[in-house]
Amino acid sequence: MIHYISGGQRSGKTKFAMQTASQLSPNPVYLATSRIWDTEHQARIALHKQERDHQWENIEEEKEVSKLSLPNRTVVFDCVTLWLTNFFTDAHYNIDMALKEAKAEFDLFAAQEFNLIIISNEIGMGVHADTEMGRKFVDLQGWMNQYIAQKADKATLMISGLPVTIK
């Protein structure tokens with residue numbers, strides 16, 4: 001089962017995903033995909049770790065999520081945006097290469113028999129990016145979101161902390 005959860009920044013995506021996972025499993029997995037970019041980001045990551053209690057197994061993997069074997073587990077994948085950023089930067093901002101690699105990695109990972117709750121951001125709904133690289137990333141994110149949403153069994157859009165079922 002794939003449950004895709006999307007929304008804007010601070011819309012309640014992670015809280016909703018974690019509540020959903022806790023209802024499905026007594027010992028869910030939290031899969032963090034972020035690289036540590038600077039000290040502020042490192043502090044945010046540390047705060048997120050403190051919010052998860054002993055019931056959670058925490059795994060950090062920046063890109064190669066398909067190497068993780070998680071059969072019959074409930075996994076919160078947080079998040080596509082940061083994971084996709086890793087592909088984009090490693091591909092030297094080549095949007096086609098990053099999208100191809102991310103899709104292939106997602107397909108391998110999602111082929112497992114597990115409950116996957118995958119979080120992403122709707123970054124194209126806000127202010128228009130003022131740089132070429134920013135606009136490329138917004139496009140990349142939008143295309144990857146569409147790809148995942150099409151494969152998902154269920155999709156939820158978070159708005160102001162409220163879940164809206166879209167699929």
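**Exercise 1. The cover of strand 5**

How many residues of strand 5 are buried?

*Solution.* The model is a predicted one, in which local features need pLDDT of at least 70 and side-chain atom pairs count only at pLDDT 80 or more, while totals for chains, interfaces and linings use all residues. Residues are numbered from 1 along each chain as its sequence is written, and side-chain values use heavy atoms, with hydrogens and water left out. Helices (H or I, at least four residues) and strands (E, at least two) are DSSP runs, numbered from the N terminus. Buried means under 20% relative accessible area, exposed over 50%, and partly exposed in between, with a 1.4 Å probe and protein chains only. By that criterion 6 of the 7 residues of strand 5 are buried, and the strand is mostly covered.

**Exercise 2. The sheet around strand 5**

Determine the strand order of the sheet, and then follow the pairing of strand 5.

*Solution.* Start with the order: 7 strands form an open sheet, arranged 3-2-4-5-1-6-7, with mixed pairing. Strand 3 (57-60) and strand 7 (162-165) stand at the edges with a single partner strand each, so one side of each is left without a neighbour in the sheet. From one strand to the next the twist averages 20°.

Next take the pairs, where two strands pair if DSSP finds at least two bridges between them. Strand 1 (residues 2-7) runs parallel to strand 5 (residues 115-121) and is joined to it by 6 bridges, whereas strand 4 and strand 5 pair in the parallel sense over 5 bridges. Isoleucine 118 in strand 5 stands opposite tyrosine 4, and phenylalanine 77 also stands opposite isoleucine 118.

**Exercise 3. Asparagine 121**

Describe the surroundings of asparagine 121, beginning with its place in strand 5.

*Solution.* Asparagine 121 belongs to strand 5, where glycine 7 stands opposite it. Its relative accessible area is 14%, so it is buried. The side chains of asparagine 121 and lysine 13 are joined by a polar contact of 3.0 Å; such a contact is a pair of N or O atoms within 3.5 Å, and within protein one must be able to donate a hydrogen and the other to accept it, while residues adjacent in sequence count only if both atoms are side-chain atoms. Contact in general means heavy atoms within 4.5 Å. Leaving aside neighbours within four places in sequence, asparagine 121 has contacts that include Ser6, Cys79, Thr81, Gln141 and Asn145.

**Exercise 4. Helix 4 and its two crossings**

At what angles does helix 4 cross helix 3 and helix 5?

*Solution.* Axes are lines fitted to C-alpha atoms, for helices over the stretch in contact, and angles run from 0 to 180 degrees between N-to-C directions. The axes of helix 3 and helix 4 (residues 95-110) come within 8 Å and cross at roughly 130°. Helix 3 is therefore oblique to helix 4, since angles under 35 degrees count as roughly parallel, over 145 as roughly antiparallel, 65 to 115 as roughly perpendicular and the rest as oblique. The residues that meet there include Trp83 and Phe87 in helix 3, and Ala98 and Phe106 in helix 4.

For the second crossing, the axes of helix 4 and helix 5 (residues 132-151) come within 10 Å and cross at roughly 25°, which makes helix 4 roughly parallel to helix 5. Among the residues meeting here are Leu99 and Lys103 in helix 4, with Leu140 and Trp143 in helix 5.
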